[in-house]
Amino acid sequence: DPEWLEKHQGVDHKGLYTIQYPEQKRQVPENFRFIPMLIYEGTPDNLRCTACGICARVCPPQCIWIERATDDKGRPKARPASYWIDATVCMGCGSCAEYCPFDAIKMNQQYELATADRAEFVYDIGKLAVPIDYYAKLHPADYAAEEAARQAKEEAKKATQPADKAG
């Protein structure tokens with residue numbers, strides 16, 4: 001019964017009960033984190049990631065690799081050409097998401113990732129990229145706080161800009 005399950009899986013509930021996994025699954029809390037994901041707005045080509053490499057530098061097990069994109073003349077672009085995370089090494093600490101200055105990397109809640117091939121645990125941009133709507137659904141409180149802070153920052157920026165002179 002879904003109502004019974006929802007009532008009994010709360011943090012403050014006491015007692016023992018059995019869940020018939022995988023038919024029934026515990027509801028994961030909003031702050032549960034398992035594997036990183038890359039956020040994009042609009043289309044997957046519009047990643048928030050600028051390939052700055054901060055996430056790779058702060059990662060304790062060093063499981064993140066980034067290759068920066070270049071233009072026709074060989075100059076670096078502010079976006080990744082390739083981005084990999086080795087999930088067999090990732091410890092799910094969330095340091096990459098915490099230190100990202102562009103809010104480009106967040107922690108996903110997918111935990112049923114079993115496979116027979118270890119190579120499938122090396123995630124590339126195709127497996128890591130998710131739309132901002134997906135993140136907003138997983139972490140609604142965090143998303144609302146981030147958007148409120150972003151709006152306040154934009155309004156403060158507009159207020160400090162000199163008024164445009166019409167002439």
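Leaving aside neighbours within four places in sequence, which residues is V130 in contact with? In this predicted model, V130 touches M37, L38, I39 and Y40. V130 itself sits in strand 6, and with a relative accessible area of 11% it falls under the 20% limit and therefore counts as buried. A rather different picture comes from H8: V130 and H8 are 122 residues apart in sequence, and their C-alpha atoms are 32 Å apart in space.

The contacts of V130 lead straight to strand 1, so to speak, and that strand deserves a closer look. Strand 1 covers residues 35-40, and six of its six residues are buried. I35, M37 and I39 point one way, while P36, L38 and Y40 point the other way. That pattern fits the general rule that side chains in a regular strand alternate between the two faces of the sheet. Both sets of side chains belong to buried residues here.

Strand 1 has pairing partners in strand 4 and strand 6. With strand 4 (residues 105-108) the pairing is antiparallel and runs over four bridges; within it, M37 has K106 as its bridge partner. With strand 6 (residues 129-131) the pairing is parallel, over three bridges, and here Y40 stands opposite P131.

Then there is the open sheet, made of three strands in the order 2-3-5 with antiparallel pairing. Strand 2 (64-70) and strand 5 are at the edges with a single partner strand each, so one side of each has no neighbour in the sheet. Strand 2 and strand 3 are joined by six bridges and run antiparallel. Across that pairing, I64 stands opposite I85 in strand 3.

I64 and I85 turn up again in the packing. The largest nonpolar core holds 25 residues, and the members touching the most others are I64, Y83, I85, I105 and Y123. Two or more residues come from each of strand 1, helix 2 (54-58), strand 3 (76-86), helix 3 (95-99) and strand 4. Strand 1 gives the largest share, three residues. As for Y123, its contacts beyond four places in sequence are I35, Y83, W84, I85, A87, L113 and L128. A second core, separate from this one, has six residues, among them M37, V130, I132 and Y135. M37 and V130, already noted as being in contact, are thus both members of that second core.

Finally, the aromatic rings. A pair of such rings is described by the distance of the centres and the angle of the planes. The count of aromatic pairs comes to two. One is F32 with Y111, edge-to-face at 6.1 Å centre to centre and 85 degrees between the planes. This pair links distant parts of the chain: F32 lies in the loop between helix 1 (2-8) and strand 1, and Y111 lies 79 residues away in the loop between strand 4 and strand 5 (122-123). F32 is partly exposed at 25% relative accessibility, and Y111 is partly exposed as well, at 33%. The other pair is Y135 with Y143; the ring centres are 6.2 Å apart and the planes stand at 80 degrees, so this pair is edge-to-face. Here Y135 is buried at 3% relative accessibility, whereas Y143 is partly exposed at 24%.

Note on methods:
Residues are numbered from 1 along each chain as its sequence is written. This is a predicted model: local features need pLDDT of at least 70, side-chain atom pairs count only at pLDDT 80 or more; totals for chains, interfaces and linings use all residues. Side-chain values use heavy atoms; hydrogens and water are left out. Buried means under 20% relative accessible area, exposed over 50%, partly exposed in between (1.4 Å probe, protein chains only). Two strands pair if DSSP finds at least two bridges between them. Rings of Phe, Tyr and Trp (its six-membered ring) pair if their centres lie within 6.5 Å; planes under 30 degrees apart count as stacked, over 60 as edge-to-face and the rest as tilted. A nonpolar core is a set of buried Ala, Val, Leu, Ile, Met, Phe, Trp, Tyr and Cys residues joined through side-chain atoms within 4.5 Å. Contact means heavy atoms within 4.5 Å.
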